[in-house]
Structure formats: structure tokens, C-alpha cells
Amino acid sequence: MKDIITLAVESSCDETSIAILKNGREVLSNIVSTQIDLHKKFGGVVPEVASRNHIENIDMVLDEALKKASINLDEIDHICVTYGPGLVGALLVGLSYAKALAFTLNKPLVGVNHIEGHISANYIEHKDLKPPFITLVVSGGHTHLVEVKDYGKYEIIGQTRDDASGEAFDKIARAMNLGYPGGPIIDELAKKGNKKAIDFPRAYLDDGYDFSFSGLKSSVLNYLNGKKMKNEEIIVEDVCASFQEAVVEVLANKAIKLTKEKNYNILTLAGGVACNNALREKLNELGSKNNIQIRYPNPSLCTDNAAMIGCAGYYEFINGNTHDMSLNATPNLKIGQRG
Ligand code: KG4
Ligand code: ZN
């Protein structure tokens, strides 16, 4: 059978990325141009700055992706692109670019859901992985427990009612002036702290599968303010370790509970927070106690990249799901939503 070559574009937030894949799971190139340094001084992503920067970078990223993969544009079989969820201006840059490529090359266009891309990063990392399984999506904008029933078939079982897990990491880091993005910084500092030092609240929301992190966030902010008002020393490493433990414990317990309830023996992790060392450790520990395999992608495939979009789009493509030129950016696109 002839190889299928995918070109994928991702620009939903602050990384401009283009990847080339062979048969959906083999990455020939995955170029990621991050804008983190540009946004750092603002403490978060500035949408207008992100859009402008995508425009400036995208041609160069395409050239590099083709060169690294040793592929010419005429060898591409289809074009995949993230069309939501994300920042509308940022999404529109990648989407317009992908449409122009598809139109000029006369190749099919496949719009991809960014979160489904995060989940699909696991197919690239674990060549033997096949649905069905449970996945815990933990990123800067999303926290979901999802049953992956088949390629491209998802059922959301639980989700956050307020802040996303990555957002909580970023906000707490900001409150302590630790820098942006907060997740990796807290992860590092927590290694030197005592996770039992401060008893922050865990929200189990009556043991269902939804999450809530805003109460925890307020509790950490109150703790920090209280210490400042009393002029008492704040042990940053202990705050990081105790906060992280409160997030990780709830994420891990709910994910394992759902995997057991649905009788699966595979649980995958997806999204930027899937890089978190404490989360990986806790899940590995609970997984081995409960006979559940824990799978996660390499950190470079956990954070935003176009290879994951190409993998998700490949399965859409071979299932006959393509889009026409009327495809629009959909900032609030839901997992499993088509069209
Ligand atoms: O998936 P992602 O790259 O972007 C979104 O789609 O949102 O996730 C970015 C998020 C940020 O909130 C960042 O702080 C968090 O992932 N993150 C981490 C770690 N590395 C990245 N959170 C906790 N621990 C980490 N090691
Ligand atoms: Zn993402």
C-alpha cells in the first residue's frame, strides 16, 4: 500500500508548529517555534501578539519542516490543521495558511480538534496503542476525563467546572512571582519541598468525575496573603509541593477510579500538565497497584505541537472526514464535535 504523507499545522495558542508524518504515526519532522519568551514579560499569552508572531514565523516553520523531512510539497497527500479550541486570531493564521496550501496543491483539508490532537500524541509515542482506553487530558486550558471509544470517537465523562489544571499551576506561580509558564517551575521547586507541609483542600465534588480547582487556588492565595500580612516567612518549595500534591491527588484518584469502573486496563495522559513528574509518579504507583498500564507521551509531544494534530487528522482522513474551504476557526470547539 502507498504511504500516506500528512502535513499538519498548529497555531492555536503560542506555538507555531508544522509537522510531516508518514502513515499517521511516524513523525518525519515536527518543528515548533515557541513564543514563550515574548509573552513571559506579560505573565501570560497576549492574543494579539501571538497572532502577529504566527504570521511572521509560519513560512520559516514550513520550510524547516519540509527540509527536515526531506519531502517536497507535491508529495503531501493531505493537509491537517487545528481549527479549535484556542485563541481565534491565532487559530485563523494557521487555518488560512492550511487552506491556502490545500487549495494550491489541490489536496484534501482536514480540520482537527486541538484536544483530540493532545490525546493522539499517545499513538505516536506508543506504536502498539489502540482504542478503547481512558484518557486524562490536562492542559493549560482544559481538564477532561474522556473515554476514547475508537479512533476519532470520544465521550467526555468529566471536566473542570472552573479553572483548568495547567491554569491553576500558572496562576499560583504568578502569585508567587515565579515566572511563566508556571507548571514546569512549580514541578521543579516542588522536588525540594514537603508535600505534607500545608493541608490545601481537595475538591472531590461528591466523588463524580468533574473537577474544580478554583477553591484550591483561593486557598493558596489566602495562605500567601495571610503569611505576608503577619510578616511570616513563605517557604516557596513547600507551597509548591503542597499545592501540586492537592492537584495531582485528585487528578490521579479520579482517573484511576474511572478506568476501573469502566473495566479498562489502559489509562493515557495528554496535554502540557502530563509532563508533571509528581502526576506521572502518582499514577504509576496507583496503576501498578490496580493493574492499569499508564501511558504518556514524551514531554515534547505533551505540549503543543503539530505532530499530534497530524496523527489525529490522519485517522479522520482515512475515515473519510475532510472539510471544505468554508471551515472556520471555532474557539470553543468541544471534544468529539464534528463540522
Ligand atoms: O497543552 P499545553 O501546551 O497548552 C494548552 O493546550 O493549554 O499546556 C500548557 C500548560 C501550561 O499551563 C503549563 O504550565 C503546563 O501545561 N505544564 C505543566 C508542566 N509542563 C507544562 N504543568 C505542570 N507540570 C509540568 N511539568
Ligand atoms: Zn494544547
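A search of the whole structure, a predicted model, finds zero disulfides. One pair of cysteines, C275 and C302, shows why: their sulfurs lie 4.3 Å apart, too far for a bond. The other topic here is ligand 1, which takes up the space of the largest pocket.

**Cysteines without a bond**
- A disulfide needs two cysteine sulfur atoms within 2.5 Å.
- For C275, the closest cysteine sulfur belongs to C302, and the 4.3 Å between them is too far for a bond.
- The search from C302 leads back to C275, again at 4.3 Å and too far.
- C275 is partly exposed, because its relative accessibility is 23%.
- C302 is buried, because its relative accessible area is 1%.

**Polar contacts of ligand 1**
- H118 places a polar side-chain atom 3.0 Å from an oxygen atom of ligand 1.
- S139 also offers a polar side-chain atom, at 3.5 Å from a ligand oxygen.
- G272 uses its backbone instead: an N or O atom there lies 3.0 Å from an oxygen atom of ligand 1.
- Taken alone, ligand 1 exposes 550 Å², and the protein buries 88% of that.

**The shell around ligand 1**
- Ligand 1 occupies the space of the largest pocket.
- Three elements give two or more residues each to the shell: α4 (114-125), α5 (165-175) and α6 (182-190).
- α6 gives the most, with four residues.
- There are 21 residues around ligand 1. Those that come nearest are G140, D170, G183, D187 and G272.

Technical notes. Residues numbered from 1 in each chain as written. Chains lettered and ligands numbered in written order. Predicted model: local features only at pLDDT ≥ 70, side-chain atom pairs only at ≥ 80, totals over all residues. Heavy atoms only, no water. Buried < 20%, exposed > 50% of the residue type's maximum accessible area, 1.4 Å probe, protein only. Near = heavy atom within 4 Å. Polar contact = N/O pair within 3.5 Å; in protein donor to acceptor, adjacent residues only side chain to side chain. Areas by Shrake-Rupley, 256 points an atom, 1.4 Å probe, with all protein chains shown as cover. 1 Å grid on protein atoms, 1.4 Å probe; cavity = no way out; pocket = protein on both sides within 12 Å on 5 of 7 lines; lining within 4 Å. Sits in = over half its atoms within 2 Å of the grid points.
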